[in-house]
Each structure stands twice: as structure tokens, then as C-alpha cells.
Amino acid sequence: MAEFTMELNEEQREVRDWLHGFAADVIRPAAAEWDEREETPWPVIQEAAKVGIYSLDFYAQQYFDPTGLGIPMAMEELFWGDAGIALSIVGTGLAAVGVLANGTEEQIGTWIPQMYGDQNDVKVAAFCSSEPDAGSDVASLRTRAVYDEARDEWVINGTKTWATNGGIANVHVVVAVVDPELGSKGHASFIVPPGTAGLSQGQKFKKHGIRASHTAEVVLDNVRVPGSCLLGGKEKLDERLARAREKAGAAGGSGSVKNAAMATFEASRPAVGAMAVGTARAAYEVALDYARTREQFGRPIIDNQGVAFQLADMRTQIDAARLLVWRASWMAVNGKPFTAAEGSMSKLFASETAKKVTAQAIQILGGNGYTREYPVERMHRDAAIYTIFEGTSEIQRLVIARALSGMPIR
Ligand SMILES: Cc1cc2nc3c(=O)[nH]c(=O)nc-3n(C[C@H](O)[C@H](O)[C@H](O)COP(=O)(O)OP(=O)(O)OC[C@H]3O[C@@H](n4cnc5c(N)ncnc54)[C@H](O)[C@@H]3O)c2cc1C
């Protein structure tokens, strides 16, 4: 187990500086254009692939960093550059992690390379769980996967929504119900390979922020995938379902799922917290720079306590958010139990901080802050996503409150 440390080692510092350079030189200058175009920034993803940032190798290296700081450090730097473009770059990683966590070695080797494509022909992947009637309430998914034993195929029907890269992805990872009696313990994840008949893109959403990231509905109409596309395989699924049925029978109901589900989310939420820290830090830096150079009443506006104290609060909250994120990331990598839902804490605090700090940045820039000539209004629009996806702030509070109290708070 790696000791918790706040100090990046030499290798991590090198990676951070390299990522920062890419964020500053390639991502940030392209941010306004792709925000306006509201399209996937393929050329920027391709640049990231060329230098090795858009690749499984890079992602896996950070993911398995024993200090836990690899992923949060990478997320902070890329999202410092621009949230929409950075999500286009890391969105595939969300689907890849689903396969890394639940797939067999063969599935990992077959599908993850197809998620990324190669430098000359980059591809993206999508993770499709949310549905129109199942957002926060993940247990009420309706998309159904039924096994056709004669053909060793799964038949999937349903509509997914809010899927990052949905419909434009080469590989889709789809969560579907295989046993409706078991709530979220009756769910399983499937690979939908490139070009599979029956999968189509529904509505593409026009969004408030992170507009360079593609978000859409995914319609699954009698989608047939081979048995080998069930992540983890049929034997493992049957064993898991049998255990869940036994427990549900013993409990006289559908059984509690909170521990298994919680552990998974607790481990992934700090990464979203780190994205929020990146956006917050970006807005804070713009505001600090502006406050030092903008003069009113014959002096820089930072000479006013009213402005300087805002900057002091912004920086304090950003540093506090990063501490919570790094703690939770270290806990996740080292298998520490999240007894107080520390992963959710980090995501809650960092995402609320990003919303607050980006709003303060607009205030400090005055009229300029309110225009698209300066980046803080985009950063403020982008920041709003962090309190919504990967569990809303209310759901984070619910999870933390339940962990603290042991009560089924509703
Ligand atoms: C840009 C974007 C990208 C996304 N990417 C993906 C993706 O790639 N894959 C994917 O599967 N999903 C994705 N999502 C979906 C995202 O995770 C959901 O939007 C989120 O979980 C909230 O679900 P919902 O939108 O249905 O809101 P709802 O669950 O309907 O919530 C609406 C409001 O009610 C509140 N609320 C709900 N239940 C409670 C409760 N019990 N107590 C207190 N308050 C409550 C919520 O906090 C929220 O304020 C994405 C969403 C967006 C906007």
C-alpha cells in the first residue's frame, strides 16, 4: 500500500507538466471555437492521440498509479485546458474502465483498442447507463437484455439517454436489465460492437456547457450481440444472479444493493471532482490575473479587500477540494473502505466549488466576465455539469448521510 502523500514524485511532476503544456498549447486555444461549433473536436482528439494522451496505455498507467494521484492530476490539467474538449478526450476512458473493471482478459484485449482506434483513425466509446426514467434512480432501468440460448446471443431493447459520445462511438457499453426482480443487482453490461444493426443515435442534446462534448440518446431496437459481448461472461453472471437471489430470498425482498453500488461509485467520483478542480483553478487564475492588472479609482482592483478576499476564498476552496479528491483517490486505489462516503464528499465539494468559483470569476471580471471575449463565462457554463453527472449533489449528500447515519434516508 502506498502512503498517502501530497507530494507528486518526479515522474508524476513530469507527466503533469507535459499535460499542462498540451492543455495550454493545444486545448485552451481551441476551446472557444469548439464551444461555439458544439461539435466533437476530432482534430484535437487526434493531436492527443499523436502525443499519447488519447490512448489506453496512458489512461491505464494513471489508473493503476499506486499513489492514486495519477488520474486526479491528469484530469485537473486537461480540464484546466477546457472542460468540453477534455471530456471528449477522456470520455472514452469512462467506457474503457467499465470493461477493465468487469471484462475478461479477452474482452479487454479485443474491445478497448477498438474504443480508441489509432492515431490516424481515432475512435471514441460511450458508456450508456442513464435512461429517460432512470437518472438518479439507477435501479429503475428498463432497457432489457434477453438471452437467446439457441443462437448464443443477447437481444437488447430500450432507450438510453445522456450518453457522452452516444451514437458516434465505435464501441458502446450498455447497461441492461437481465433479471427485473433483482433491482440493480439484476443489471449486466454489454459491449455493442461497431456497426451492430438496431443501434442508432436519437436526439443530440444542445447544452448549456461542455458543448464540445457530444451528448445524445441511444436507441436499441432488437440489438443482437454475441454471447461473448456480455462483460465478465455468462458463467460469472449466473453465479452473481444466484447469489443475489439467495440474499433477496433471505431478506424477503429485492435485497440491499447499496454496498456494492456504493463502492463502485465512490471509486469513480473523485475523478469527476478532479475535473471540477481543473475548471475552478482555470477560472481563478484568469480572475487573479485580471484583478492585478485592471485599474479602477487609480489602482488595481485587487487592492480592494472586497476583491482580494474573494480571491482568497476561491483559492482556499480549490485547495480544499483538491485535498478531498486526492484523499479519496488514494483510498480507492489502496482499497480503503469509504466509511464516510469520502468519494462522494470529494465530488460534492469540488463540484459545488467549481460552480461558486467560476461565478465569482465572472464578478471579478465585471462586464468583460459576462462576455464570450473572456473564458470565464464558458467556464461557468461548463462548471454546472459537475453537480449533475456521475450523481447529482443531492445524491452525493444522500450517500454521505446514509454512510454516516446508517439510516435509509430518502
Ligand atoms: C452532459 C451530460 C453527460 C452525461 N453523460 C452520461 C454518460 O456518458 N452515461 C450515462 O449513463 N449518463 C450520463 N449522464 C447522465 C447523468 O448521470 C444524469 O443526468 C444524472 O445522474 C441525473 O439524472 P437525471 O438527469 O435523470 O436527473 P433526476 O434524477 O431526474 O434528478 C432531477 C433532480 O432531482 C433531484 N433528486 C432526484 N432524486 C432525489 C432524491 N432522492 N433526493 C433528493 N434529490 C433528488 C436531483 O438531485 C436533481 O436535482 C450525463 C448527463 C449529462 C447532463
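## Cavities, ligand shell and annotated domains

Arg28, Phe79, Trp80, Gly81, Asp82, Ala83, Thr279, Ala282, Arg378, Met379 and Asp382 line the second largest cavity. The elements that put two or more residues into that lining are H4, helix H8 (258–293) and helix H11 (376–383). Keep in mind that this is a predicted model. There's also a ligand, with 19 residues around it, and UniProt lists domains for residues 9–115 and 126–223.

**Second largest cavity**
- The space inside the second largest cavity comes to about 50 Å³.
- Sorted by class, its lining has 5 nonpolar, 2 polar and 4 charged residues.
- Among the residues of this lining are Arg28, Asp82, Arg378 and Asp382.

**Largest cavity**
- The count is 2 cavities of 30 Å³ or more, and the largest holds about 90 Å³ of space.
- It takes 13 residues to line the largest cavity, and Ile53, Phe58, Tyr59, Leu78 and Val90 are the ones nearest its centre.
- Three helices each chip in at least two lining residues here: H3 (56–63), H4 (70–81) and H5 (83–102).
- H4 gives the largest share of that lining, with 4 residues, and H4 also turns up among the elements giving two or more residues to the lining of the second largest cavity.
- No charged residue sits in the lining of the largest cavity, which splits into 11 nonpolar and 2 polar; the lining of the second largest cavity, for its part, includes 4 charged residues.

**Around the ligand**
- Of the 19 residues surrounding the ligand, the closest are Ser130, Ser136, Trp162, Thr392 and Glu394.
- By class, that shell breaks down into 9 nonpolar, 7 polar and 3 charged residues.
- Two elements, strand S5 (153–164) and helix H12 (393–405), each bring at least two residues to the shell.

**Polar contacts and burial of the ligand**
- Ser129 comes in through its backbone: an N or O atom there is 2.9 Å from a ligand oxygen.
- Ser130 uses its side chain instead, with an N or O atom 2.8 Å from a nitrogen atom of the ligand.
- Ser136 has a polar side-chain atom 2.6 Å from an oxygen atom of the ligand.
- On its own the ligand would expose 970 Å², and the protein buries 66% of that.

**Annotated domains**
- An unreviewed UniProt entry gives residues 9–115 as "domain: Acyl-CoA dehydrogenase/oxidase N-terminal".
- That 9–115 span is 83% helix and 0% strand, and its end C-alpha atoms lie 31 Å apart.
- For residues 126–223, the unreviewed UniProt entry has "domain: Acyl-CoA oxidase/dehydrogenase middle".
- Here the make-up is 0% helix and 49% strand, with 16 Å between the end C-alpha atoms of residues 126–223.

Notes: Residues are numbered from 1 along each chain as its sequence is written. This is a predicted model: local features need pLDDT of at least 70, side-chain atom pairs count only at pLDDT 80 or more; totals for chains, interfaces and linings use all residues. Side-chain values use heavy atoms; hydrogens and water are left out. A residue is near a molecule or strand if one of its heavy atoms lies within 4 Å of it. A polar contact is a pair of N or O atoms within 3.5 Å; within protein, one must be able to donate a hydrogen and the other to accept it, and residues adjacent in sequence count only if both atoms are side-chain atoms. Accessible areas come from the Shrake-Rupley method with a 1.4 Å probe; for residues, only the protein chains shown count as cover. Ala, Val, Leu, Ile, Met, Phe, Trp, Tyr, Cys and Pro count as nonpolar, Asp, Glu, Lys and Arg as charged, and the others, Gly among them, as polar. On a 1 Å grid over the protein atoms alone, a cavity is a set of points where a 1.4 Å probe fits but cannot get out, and a pocket is an open set with protein on both sides within 12 Å along at least five of seven lines; lining residues have an atom within 4 Å of a point. Grid points are joined across faces, edges and corners, and a volume is the space filled by probe spheres set on the points. UniProt positions are given in the numbering used here, feature names are shortened, and annotations may be inferred rather than shown by experiment.
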